[in-house]
Amino acid sequence: KVADICSGSGTFLINASLNVPDATYRGVEINTEMCSVSRAKTEYVSGNIEIEQKDAFFLLKENPVENYSKIFSNYPFGLRMKNLNEASHIIEEMMIKYPGASKATSSDWLFNVLLMNLLSKNGKAVSIMTNGSTWNELDTGMRKSFVENGYIESIILLPAKMFQFTSIPTTMIVLSHNNTSGVRIVDTTKHCIEGRRINEFSKQNIEEILNSLSDDTDYSRFISLKELRENNYSLSLNRYLSQEVNVSYPVQFAEAIKKITRGAQLSAAQLDQLVSDAPTDVQYLMLANIKDGIIGDDLPYLQAFDEKLEKYCIKSNNLIISKNGYPYKVAVASVKERTRIIGNGNMYIIELDEEKANPYYIKAFFESEQGIAALKSITVGATIQSIGVDSLKKLIIPLPPIEDQMKIAERYQVTLDEILLLQLKIERAKSRLKNAFDEEVRIDV
């Protein structure tokens, strides 16, 4: 029994039926036009293909729910739970057993949960998903649930331009049961026939990819459950490769740096003596003050400024990178006039040559999967993981023309401003919550 969830024009079902005519096939497609096209096409090919127009999530309301031995799905990208209309209540019920689920969960994982609910005990499902969902922080909880439950057999990173509807690289995920020891990850992005408009796999490419699903190669690795846990359940092969990460416009990071220093190595006792309860013009930045890549406004104040600490002062647009404790924190500083901020010894304070490198572009890179993998490649230490200053300077980063950097930096800053605005709204809402009782009492009086 074979199902194609979001079956489109029926291409997969027709090809599968021609190859294996003895199976039964069911396609589910919500789009009226696509459903009509696929029905017309399949009538001329096979009598064992059923095409049904419905929201795929309503399959879970069938009694009994069908289980399939093989499932394929090239589902839509970029949906959110709120966009799934009538099916949203089904999805909410479906996601209860996944601790990492939320209303912000990527639709890729919503569909993958659906596939696992429709898959037989010994079956196998294959779907096409976005690359970001395999490593972004938003979906960490869902990846954890799938990995820990043994649902992910393998991940295959596909080349760009494999599909007519999008030129972006995508990922094929293979789902099944009892994959409790780890996940096989394969990167096929360089193993295809490149065309002007679309890339394709040759028969040789396909044979090599199939072989790499059982053996480690230059572009394939089996990642143990332990490694996955240590890397926030990232399903990107770059995260686990020890060699240098391949980037465009490669330069050593040192070429973009004017000055790099470590923060002041003050002991807890020294800091206690310097801390002031009243506001002053001197503040102290610790790693705990950096949350989600943003430096908080509540930095501790210091009583007086010691001239010996001048070299540890942070300037506006300085890049901050934590020295210890993978995953590393990255931030761009913004310092008010007549204010001095001293950095903690667990961070690098980097003054960039802004004619060559935009700070927000560099921050965006180090927060990307490529950047995370790059920092991880120079990480040393088993118990306390850290990066050395020489390794950081020699790290290869992509440094395109400053005009190209500005485009990425502007997009990043717009999104950052949205986050800061939302955080402000949350703080105001929290304040209203705390004052709700007192406001009611004053009204009654």
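Two strands pair if DSSP finds at least two bridges between them, and helices (H or I, at least four residues) and strands (E, at least two) are themselves DSSP runs, numbered from the N terminus. In this predicted model, local features need pLDDT of at least 70 and side-chain atom pairs count only at pLDDT 80 or more, while totals for chains, interfaces and linings use all residues. Residues are numbered from 1 along each chain as its sequence is written, and side-chain values use heavy atoms, with hydrogens and water left out.

## Strands E13 and E20

Strands E13 and E20 run parallel and are joined by 4 bridges, and in one of these strands, E20, Ile-342 is the bridge partner of Tyr-284. Within strand E13 (residues 282-285), Val-282 and Tyr-284 point one way, whereas Gln-283 and Leu-285 point the other way, and all are buried; here buried means under 20% relative accessible area, exposed means over 50%, and partly exposed lies in between (1.4 Å probe, protein chains only).

## Ser-276 in strand E12

Ser-276 belongs to strand E12 (residues 275-276), and it counts as buried because its relative accessibility is 14%. A polar atom of the Ser-276 side chain lies 2.8 Å from the backbone oxygen of Ala-278. When neighbours within four places in sequence are left aside, Ser-276 is in contact (heavy atoms within 4.5 Å) with Tyr-301, Leu-302 and Gln-303.

## Helix H9 and its aromatic pair

Helix H9 is mostly covered, with 8 of its 9 residues buried, and among them are Pro-359, Ile-362 and Phe-366. At the N-terminal end of H9, Asn-358 acts as a cap, since one of its side-chain oxygens lies 2.8 Å from the backbone nitrogen of Tyr-360.

Rings of Phe, Tyr and Trp (its six-membered ring) pair if their centres lie within 6.5 Å, and planes under 30 degrees apart count as stacked, over 60 as edge-to-face and the rest as tilted. A search of the whole structure finds 9 aromatic pairs. Tyr-360 and Tyr-412 form a tilted pair, with 6.4 Å centre to centre and 40° between the planes. This pair links distant parts of the chain, for Tyr-360 is in helix H9 (residues 359-367) and Tyr-412 is in helix H12 (residues 402-444), 52 residues apart. Tyr-360 counts as buried because its relative accessibility is 14%, and Tyr-412 counts as buried because its value is 19%.

Elsewhere, ring pairs link Tyr-98, Trp-109, Phe-146 and Tyr-151 into a cluster. The charged end of Lys-1 sits over the ring of Tyr-68, 5.5 Å from its centre; a charge sits over a ring if NZ of Lys or CZ of Arg is within 6 Å of the ring centre and within 35 degrees of the ring normal.

## Backbone angles in the loops

Most residues other than glycine have a negative phi, and most peptide bonds are trans. The table sets out two residues with a positive phi.

| Residue | Phi | Loop | Relative accessibility |
|---|---|---|---|
| Lys-161 | near 55° | between strand E6 (152-157) and strand E7 (170-175) | 24%, partly exposed |
| Arg-338 | about 60° | between strand E19 (330-332) and strand E20 (340-343) | 73%, exposed |

The peptide bond from Asn-63 to Pro-64 is cis, with omega near 0°, and Pro-64 has its place in the loop between strand E3 (49-53) and strand E4 (68-73).

Notes:
Polar contact = N/O pair within 3.5 Å; in protein donor to acceptor, adjacent residues only side chain to side chain.
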